[in-house]
Amino acid sequence: MPQVSLWEAESFFAPQDFVIAGAGLAGLWTAVELKTLHPSASVLVLERGHIPTGASTRNAGFACFGSPTEMISDAILFGEATMWSNVEMRYKGISKIREYFGDRVIEYDNCRGYECFAANEERIETVTAKLGWLNNGMKTITGKSEAFKWANEKIIPFGFSGFGAMIENKLEGGLHSGKLVQALLQKAQQAGVRFLFGTSLQAWRSESSSVKLKTDHGNFVAGKLVLATNAFLSEMLDEPLVTPARGQILVTEPIPGLQLSGTFHYDEGYFYFRNVGNRILLGGARNTSPATEATLEMEITAPIQLRLEQFASKHLLNGKAINITHRWSGIMAFTKDKRPIIKQVTPTVYAISACNGMGVALTPIAAAILATMVAGTFNLNQNASCLHLSPTI
């Protein structure tokens with residue numbers, strides 16, 4: 001670290017009320033919420049990348065809250081109360097995004113969501129049997145009837161092959177992940193939040209009323225620190241709180257006459273695809289190689305990319321050869337029961353992580369709860385049912 005001038009010390013390196021590590025969706029929403037609660041407080045966001053990286057700008061741009069098979073499975077595994085609580089948070093998060101920015105700014109497309117099934121899948125009968133239960137639960141949350149309905153008649157017009165059934169969700173859609181993050185950055189900057197990109201938090205030490213931070217570009221003192229590093233949280237705390245999961249994605253060249261329109265899930269969401277204009281975006285397949293994809297390495301791999309290409313050829317392109325123009329990966333974080341982690345680590349350090357592949361939808365609500373915890377106005381009884389919450393780790 002070169003010498004620090006007086007001007008730098010009193011501006012860029014001055015003590016901060018709040019420092020947030022991570023400029024992804026969780027960190028940005030937390031910064032905005034803290035500034036809403038404390039307009040005069042100083043808030044600094046540290047981001048190790050030159051732009052926000054991880055999952056926030058490297059996802060598929062789904063504005064979704066849960067496919068039928070996922071919801072049914074989660075109710076069995078974690079209990080109905082937990083499942084519905086998670087779904088409600090996701091739905092409210094999507095609604096909050098749309099109200100906060102407006103659909104045009106984030107390119108929200110009310111294209112509807114779908115879940116596709118292979119012919120004669122047992123899960124078709126399961127969903128049919130649970131359809132009334134699913135719609136009743138969603139009506140309780142949204143006030144809207146018949147969120148889910150079978151849409152088999154759309155399979156052929158969409159140009160699909162190899163699917164035997166498809167169910168439609170009229171309440172889901174898609175958005176532009178990059179423009180959502182840019183909009184949040186702008187809101188935060190307008191509120192007075194400061195950013196240091198290319199700055200990595202290397203260590204922290206919590207004291208009784210402050211926390212000292214060491215970065216690769218200098219040291220800081222903050223009143224409180226928020227760790228918003230998602231799958232990398234376990235590294236920051238040296239404790240295996242979350243399981244990383246790499247999501248790989250590809251995008252095709254423009255396809256003239258493309259009829260596919262919507263956000264789609266297949267195989268309990270392990271494959272997901274959508275149209276981006278007249279291109280197809282396809283991601284997933286990590287269940288075909290779970291050992292290699294439980295990683296923090298943000299790389300693309302030939303086996304997963306090949307599996308995605310095979311899926312596209314079989315189900316979406318009718319065997320037609322199409323050029324791939326973009327390939328990338330992002331790192332998600334998962335917990336055992338799909339509830340996000342929001343914790344007070346020490347009296348001056350907090351953590352938010354693990355949106356379980358639903359960060360677009362969950363972070364607006366989870367960050368608002370975290371901000372009230374940091375501000376000391378958190379109602380544990382009101383919010384504990386849907387989150388991993390505890391006074392300390």
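Axes here are lines fitted to C-alpha atoms, for helices over the stretch in contact, and angles between N-to-C directions run from 0 to 180 degrees. With that in hand, welcome to a few close-ups of this predicted model.

**View 1. Helix α10 lies across five strands, β12, β13, β14, β15 and β16.** The helix runs at about 50° to β12. α10 takes in residues 302-316, and its 15 residues should span 21 Å at 1.5 Å a residue. The C-alpha atoms at its ends are 20 Å apart, which agrees with that expectation. Just past the helix comes N318, with a positive phi near 50°.

**View 2. Helix α10 has a buried side and another side with exposed residues.** Buried here are I304, Q305, L308, F311, A312, H315 and L316. These residues cover an arc of only 120° around the axis, which means that they sit on the same side of α10. An α-helix has 3.6 residues a turn, so residues three or four places apart point the same way. On the other side of α10, look for A302, P303 and K314, which are exposed. The cover over the buried residues includes strands β12 (243-252), β13 (263-266), β14 (271-276), β15 (279-284) and β16 (324-334), along with helix α9 (290-293).

**View 3. Eight strands make up an open sheet with mixed pairing.** Follow the order β5-β6-β4-β13-β14-β15-β12-β16 from one edge to the other. β5 (148-150) and β16 are the edge strands; each has a single partner, so one side of each is left without a neighbour in the sheet. From one strand to the next, the twist averages 20°. Helix α3 (residues 68-78) also packs on the sheet, where it touches β4 (113-117), β5 and β6 (165-169). The direction of α3 makes about 80° with that of β4.

**View 4. Strands β14 and β15 run antiparallel.** Six bridges join the two strands. One handy place to start is F271, which stands opposite G284 in β15.

**View 5. F273 is a buried residue of strand β14.** Its relative accessibility is 0%, and buried means under 20%, so F273 counts as buried. Beyond its neighbours within four places in sequence, F273 is in contact with a list of residues that includes F62, C116, F160 and F163. Also among the contacts of F273 are L281 and L282, as well as F311 and L316; F311 and L316 are buried residues of α10. For a sense of scale, S210 is 63 residues from F273 in sequence, and their C-alpha atoms are 45 Å apart in space.

Technical notes:
Residues numbered from 1 in each chain as written. Predicted model: local features only at pLDDT ≥ 70, side-chain atom pairs only at ≥ 80, totals over all residues. Heavy atoms only, no water. Helix = DSSP H or I, 4+ residues; strand = E, 2+ residues; numbered from the N terminus. Expected span 1.5 Å × (residues − 1). Buried < 20%, exposed > 50% of the residue type's maximum accessible area, 1.4 Å probe, protein only. Arc of directions from axis to C-beta. Contact = heavy atoms within 4.5 Å. Pairing = 2+ DSSP bridges.
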